[in-house]
Amino acid sequence: MLFNKKRIIIYVEPTVLRYRIVNAVKQHTTSNASEDLIVWNYQNEADLAVFIDDLQKKFSARTEFELNLDINLTQMQQLALPDVKLKFNELSLYVEANIHKLFQLPAKSVFFDFAYATEQKKQITVVIAERHYIENWINLFNKYGLLLTFVGCGFENTKINFLPWRQEKQTKQQRQLIFVATSVIGAIGCLLCYLWMQAQNELQTYDEKRLQQQGITQKLTEELMHDLPNPSLSQKQIQQSLVLLSQQLPSVIWLDCFYYEPQKVKIEGQSFSYVELTKFNQSLLTLKNISNSQVKTILSNKNHLFFEMEIMLSE
């Protein structure tokens, strides 16, 4: 189980290795306490290889290892920060550029880490270790397939880690940012697709209603033409008004009710465009069979417009 994972903390001195076993992975220990420590003396890299091989045989591959270096194996200097506030990656580059000035060593020959001073925020403590020494430890653990999570030291309750954790943290943050941005873009895309499909469905519904009403109007017109061989004036006006409305009615307007009085027709219907209603009324005014036409009322309900028109017929 995850909670049973072991962590081995190794304290490295020039000729002596001491290590302890910690069962709780989340427990961090950097102090070189003498109790419960297992001691291993060494003289060269061959002895270190025997030591790592012995650890590989004793512990599982899931065990985590930490190397706490003796202060004599590192170098430490204070570095003043510039007045300009530096970003995360800029601060790391600033420290790297000052390695030679602080330690008279090229930056490529060392591993480094830094921490803010506890009392002076305008200074940081820079700690280095020889690159080939750290790389020898990393290669040794990799050779035996052991998980090395920390190589560094501790001072003033601060941990210095020479492993490239800052670059890994920055890469992880960049990946998280890309994931969040991709998720947001995907969610917006899905929402836009949903709204587009909903609009298409509503438009299809309006077209079906319009076609249905046009069919009803045509059917009524045909029935009037065949069933009334000698129609009265009122019947003629009803027929003519139905024909005119069917010819002038645009696709974005559909009728719900048709009322007839001598010389006057009142219609009620729906639309979703003020402009189309105005154009429809103006087109009716141009017809010789209509003396006057006006929109009496318009009510809005979300995307729909409910209207009432009054049309005066000519003799």
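Which residues in α2 are buried? I would like to keep that question open for a moment, while I say what kind of model we have in front of us.

This is a predicted model, in which local features need pLDDT of at least 70 and side-chain atom pairs count only at pLDDT 80 or more, while totals for chains, interfaces and linings use all residues. Residues are numbered from 1 along each chain as its sequence is written, and side-chain values use heavy atoms, with hydrogens and water left out.

Let me begin with the whole chain. It has 7 helices and 13 strands, where helices (H or I, at least four residues) and strands (E, at least two) are DSSP runs, numbered from the N terminus. Of its 315 residues, 34% count as buried; buried means under 20% relative accessible area, exposed means over 50%, and partly exposed is in between, with a 1.4 Å probe and protein chains only. The chain exposes about 20100 Å², and carbon and sulfur atoms supply 55% of that area, which comes from the Shrake-Rupley method with a 1.4 Å probe. If we take the contacts (heavy atoms within 4.5 Å) between residues at least 6 apart in sequence, 56% of them join residues at least 24 apart.

Now to the sheet that goes with α2. It is an open sheet of 3 strands in the order β5-β7-β6, and the pairing is antiparallel; two strands pair if DSSP finds at least two bridges between them. Its edge strands, each of which pairs on one side only, are β5 (75-80) and β6 (110-116). From one strand to the next the twist averages 25°; for such angles, axes are lines fitted to C-alpha atoms, for helices over the stretch in contact, and the values run from 0 to 180 degrees between N-to-C directions. Between β6 and β7 (residues 123-130) there are 7 bridges in the antiparallel sense, and if you look for Asp-113, you will find it opposite Val-127 in β7. Helix α4 (residues 131-143) packs on this sheet, where it touches β6 and β7, and its direction makes about 65° with that of β7.

Helix α2 (residues 88-97) lies across β5, β6 and β7, and it runs at about 125° to β6. Here we can return to the opening question: the buried residues in α2 are Leu-91, Ser-92 and Val-95. They are on the same side of α2, because they cover an arc of only 100° around the axis, the arc being that of the directions from the helix axis to the C-beta atoms. Among the elements that cover these buried residues are β5, α3 (99-103), β6 and β7. On the face of α2 turned away from its buried side, we find the exposed residues Leu-93 and Ala-97.

Let us move further along the chain, to another open sheet, in which 4 strands follow the order β10-β11-β13-β12 with antiparallel pairing. The edge strands here are β10 (253-261) and β12, each of which pairs on one side only, and neighbouring strands are turned by 15° against each other on average, with direction ignored. β10 and β11 pair in the antiparallel sense over 8 bridges, and Phe-258 stands opposite Ile-267 in β11. For β12 (residues 290-301) and β13 (residues 304-313), the antiparallel pairing runs over 10 bridges, with Asn-301 opposite His-304 in β13. The hairpin of β12 and β13 has 2 residues between the strands, and within it Lys-302 takes a positive phi near 55°.

Two helices lie across β10, β11, β12 and β13: helix α6 (residues 233-248) runs at about 165° to β10, and α7 runs at about 165° to β12. In the loop between β11 (264-271) and α7 (274-285) sits Ser-273, which is buried, with a relative accessible area of 18%. The side chain of Ser-273 reaches the backbone nitrogen of Val-275 at 3.4 Å, and it also reaches the backbone nitrogen of Glu-276 at 3.2 Å.

I will finish with Thr-205, which is found in helix α5 (residues 165-227). Is Thr-205 buried or partly exposed? Its relative accessible area is 35%, so Thr-205 is partly exposed. A polar atom of its side chain lies 2.9 Å from the backbone oxygen of Asn-201.

How values were computed. A polar contact is a pair of N or O atoms within 3.5 Å; within protein, one must be able to donate a hydrogen and the other to accept it, and residues adjacent in sequence count only if both atoms are side-chain atoms.
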